[in-house]
Amino acid sequence: SSVQVAWPDGSPIMLKIGIHCGPVVAGVICRRLPRYRLFGDTVNTASRMCSLSEGGRIHLSASADSLLRHDYNLLSRGIIEVKGKGPMHTYWLQGQKKPGGQSS
């Protein structure tokens with residue numbers, strides 16, 4: 001099931017989501033107001049995927065594609081220029097596959 005959320009004027013909230021897979025370093029920083037943080041190139045690349053996404057879509061890097069392609073329908077977005085990374089082949093998440101490889 002899905003959840004529908006709207007702004008006070010009734011227009012839908014369109015989230016932009018970016019996903020990348022890889023190693024990260026995590027830890028708690030700051031003594032006065034502790035915060036749990038993730039660091040590394042993986043976090044930065046996921047952030048780039050998010051900023052280059054479109055409202056209502058989930059944008060994936062090639063590493064995320066390689067992990068999700070068997071269970072999800074993915075659409076190639078092609079090669080795009082990613083700041084600090086150069087050209088990257090990226091994908092849109094279309095939906096989960098049903099048993100037998102069909103779209104849901």
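Starting at the N terminus, the elements of this protein follow one another as β-β-β-α-β-α-β-β, which comes to 2 helices and 6 strands, and I should say straight away that what we are looking at is a predicted model. The radius of gyration is 16 Å, and because that is well over the 13 Å that the globule rule gives for 104 residues, the protein is more spread out than a compact globule. If you take the principal axes, the C-alpha atoms fill a box of roughly 50 × 40 × 30 Å. Buried residues make up 21% of the 104 residues, and when we consider contacts with a separation of 6 or more, residues 24 or more positions apart account for 50% of them.

Let me turn to the sheet. In what order do the strands of the open sheet stand? The order is β1-β4-β6-β5, so to speak read across the 4 strands, and the pairing is mixed. The edges are taken by β1, residues 16-19, and β5, residues 72-82, and since each has a single partner strand, one side of each is left without a neighbour in the sheet. From one strand to the next, the twist averages 30°. Helix α1, which covers residues 41-51, lies across β1, β4, β5 and β6, and runs at about 145° to β1.

Now for the pairings themselves, beginning with β5 and β6, which run antiparallel and are joined by 10 bridges. Two of the partnerships can be picked out on the screen: leucine 74 has leucine 93 in β6 as its bridge partner, and isoleucine 79 has histidine 89 in β6. These strands form a hairpin with 3 residues between them, and in that hairpin glycine 84 takes a positive phi near 80°.

On to β4, residues 57-60, which pairs with β6, residues 86-96, in the antiparallel sense over 2 bridges. Here histidine 59 stands opposite tryptophan 92 in β6, while leucine 60 stands opposite tyrosine 91 in β6. As background, in a regular strand the side chains alternate between the two faces of the sheet.

Tryptophan 92 has a further partner worth pointing to, since arginine 57 lies over the face of its ring, at 4.1 Å from the ring centre. As for rings with rings, how many aromatic pairs does a search of the whole structure find? The number is 0.

Let me stay for a moment with tyrosine 91, whose place is in strand β6. Is tyrosine 91 buried or exposed? Tyrosine 91 is buried, because its relative accessible area is 14%, and buried here means under 20%. Leaving aside neighbours within four places in sequence, tyrosine 91 is in contact with Ile58, His59, Leu60, Ser61, Ala62 and Asp65, and also with Leu74, Leu75, Ser76 and Arg77. The C-alpha atoms of tyrosine 91 and serine 53, which are 38 residues apart along the chain, are separated by 9.9 Å.

For a contrast in setting, please look at leucine 15, in the segment before β1. Leucine 15 is exposed, with a relative accessible area of 55%, and the cut-off for that word is over 50%. Which residues does leucine 15 touch, not counting those up to four places away in sequence? They are Glu54, Gly55, Gly56 and Arg57, and Arg57 is the arginine that we met over the face of tryptophan 92. Leucine 15 and glycine 55 are 40 residues apart along the chain, and yet their C-alpha atoms are separated by 5.2 Å.

The last residue I would like to show is cysteine 30, found in the loop between β2, residues 25-29, and β3, residues 35-39. What is the phi of cysteine 30? Its phi is near 75°, a positive value in a residue other than glycine. For orientation, most residues other than glycine have a negative phi. At 45% relative accessibility, cysteine 30 counts as partly exposed, the class that lies between under 20% and over 50%.

Note on methods:
Residues numbered from 1 in each chain as written. Predicted model: local features only at pLDDT ≥ 70, side-chain atom pairs only at ≥ 80, totals over all residues. Heavy atoms only, no water. Pairing = 2+ DSSP bridges. Axes fitted to C-alpha atoms, helices over the stretch in contact; angles between N-to-C directions. Contact = heavy atoms within 4.5 Å. Phe/Tyr/Trp six-rings, centres within 6.5 Å; stacked < 30°, edge-to-face > 60°. Lys NZ or Arg CZ within 6 Å of the ring centre and 35° of its normal. Rg over C-alpha atoms; globule rule 2.2 N^0.38 Å. Buried < 20%, exposed > 50% of the residue type's maximum accessible area, 1.4 Å probe, protein only.
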